[in-house]
Amino acid sequence: MNNTTTMTVPGNPYFHASPAPPPSSSSDTFNNLGRKLETATKKAETFAGNLYHHLRTGPGLVDVAMTRIEQAGRVIADGGFHNVFQREFGGVNGEKLKKTYACYLSTTTGPVMGTLYISNKRIGFRSDSQVLSGPVGGPGQWVYYKVMVMLDQVLAVNPSSNPNKPAEKYIEILTKDGHEFWFMGFISYDQALKNLYKALQHCN
């Protein structure tokens, strides 16, 4: 794996948390840009429903937009998603990163924004920003959430949606040993589902 210390969540071998520094506050410039982006996004709702739904899934439209902008800058600085994937999840012989998708991981404390990675060997997810993790009322610790599942450990990929709000679509990834992960708020839901299916087919 990489040089970053990771903590495995008890009872779930696929879920990890990497220590991270506390998030820094956005500058006034970013806030102004965020307000403009919020206005533009609202205007685009009728023809960019998936993007708007992605932004709305987070706790704040401006915060989500700013995190996406900052994350894009980090990916460019790191040389692309392939380098980020290798750094965060380590390398596997013969592995090739196929696709990446902006989405959220559903957790007991709410949706966590991040990036879903699909390779010919694994499915990975890493939060785009730090998340405060710890016992309720405790001191907590800032961490990055990570999920990593080998494709040959995946039992099924199941699509679903909220019957009351059809625009709210989900993808469940179920492992052979009974763990499940729910992803939501995709900008490219249909493509993500298609390529997850394709990855599983090529793995079997």
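# Salt bridges, aromatic rings and a charged patch

User: Which residue does the side chain of arginine 122 meet in a salt bridge?
Analyst: The partner of arginine 122 is glutamate 95, and their side chains meet at 2.7 Å, N to O. The two residues are 27 apart and link distant parts of the chain, with arginine 122 in strand β5 and glutamate 95 in the loop between α4 and β3. Please note that this is a predicted model.

User: Arginine 122 first: buried or exposed?
Analyst: Arginine 122 is buried, since its relative accessible area of 2% is under the 20% limit.

User: And what about glutamate 95, buried or exposed?
Analyst: Glutamate 95 is also buried, with a relative accessible area of 13%.

User: How many salt bridges does the structure hold?
Analyst: The structure holds 5 salt bridges. One of them joins the side chains of glutamate 88 and arginine 126, at 3.1 Å from N to O. This pair also links distant parts of the chain: glutamate 88 belongs to helix α4 and arginine 126 to strand β5 (residues 122-127), 38 residues apart.

User: Which lysine meets glutamate 88 in a salt bridge?
Analyst: That residue is lysine 146, whose side chain meets glutamate 88 at 2.8 Å, N to O. Here the two residues are 58 apart, glutamate 88 in helix α4 and lysine 146 in strand β7 (residues 141-150).

User: Which residues are linked with glutamate 88 in a network of salt bridges?
Analyst: The network links Arg87, Glu88, Arg126 and Lys146.

User: Why does lysine 146 count as buried?
Analyst: Lysine 146 has a relative accessible area of 3%, and it counts as buried because that value is under 20%. Its partner glutamate 88 is buried at 8%, and arginine 126 is buried at 11%.

User: Changing topic: how many aromatic pairs are there?
Analyst: The count comes to 7 aromatic pairs. One of these is formed by phenylalanine 85 and phenylalanine 89, in a tilted arrangement with 5.3 Å centre to centre and 40° between the planes.

User: Why is that pair called tilted?
Analyst: The angle between the planes of phenylalanine 85 and phenylalanine 89 is 40°, so the pair is neither under 30 degrees, as stacked rings would be, nor over 60, as edge-to-face rings would be.

User: How many residues apart are phenylalanine 85 and phenylalanine 89 in helix α4?
Analyst: They are 4 residues apart in helix α4 (residues 81-89), which means a separation of about one helical turn. Both phenylalanine 85 and phenylalanine 89 are buried.

User: Which tyrosine forms one aromatic cluster with Phe85 and Phe89?
Analyst: Tyr117 completes that cluster with Phe85 and Phe89.

User: Now the surface. Which residues gather in the patch of positive charge?
Analyst: The patch is made up of Lys96, Lys98, Lys99, Lys194 and Lys198. The elements that give two or more residues to this patch are β3 (97-107) and α5 (189-203).

User: Where does lysine 98 lie, and how exposed is it?
Analyst: Lysine 98 lies in strand β3. It is partly exposed, with a relative accessible area of 49%, and therefore passes the patch threshold of over 30%.

User: In which strand is tyrosine 104 placed?
Analyst: Tyrosine 104 is in strand β3, and it is buried, with a relative accessible area of 1%. Its C-alpha atom is separated by 9.6 Å from that of aspartate 128, 24 residues apart along the chain.

User: In which helix is tyrosine 197 found?
Analyst: Tyrosine 197 is found in helix α5. This tyrosine counts as partly exposed, at 33% relative accessibility. Asparagine 158 is 39 residues apart from tyrosine 197 in sequence, and the two are 9.5 Å apart in space, C-alpha to C-alpha.

User: Last one: where is the place of asparagine 93?
Analyst: Asparagine 93 sits in the loop between α4 and β3. It counts as exposed, at 74% relative accessibility. Between the C-alpha atoms of asparagine 93 and lysine 121 the separation is 9.1 Å, with the residues 28 apart along the chain.

Conventions: Residues are numbered from 1 along each chain as its sequence is written. This is a predicted model: local features need pLDDT of at least 70, side-chain atom pairs count only at pLDDT 80 or more; totals for chains, interfaces and linings use all residues. Side-chain values use heavy atoms; hydrogens and water are left out. Patches are made of residues with over 30% relative accessible area and no salt bridge: like charges are joined within 9 Å, nonpolar side chains (Val, Leu, Ile, Met, Phe, Trp, Tyr) within 5 Å. Accessible areas come from the Shrake-Rupley method with a 1.4 Å probe; for residues, only the protein chains shown count as cover. A salt bridge is a side-chain nitrogen of Lys or Arg within 4 Å of a carboxyl oxygen of Asp or Glu. Lys and Arg count as positive and Asp and Glu as negative; His and the chain ends are not counted. The place of a charge is taken as NZ of Lys, CZ of Arg, CG of Asp or CD of Glu. Buried means under 20% relative accessible area, exposed over 50%, partly exposed in between (1.4 Å probe, protein chains only). Rings of Phe, Tyr and Trp (its six-membered ring) pair if their centres lie within 6.5 Å; planes under 30 degrees apart count as stacked, over 60 as edge-to-face and the rest as tilted.
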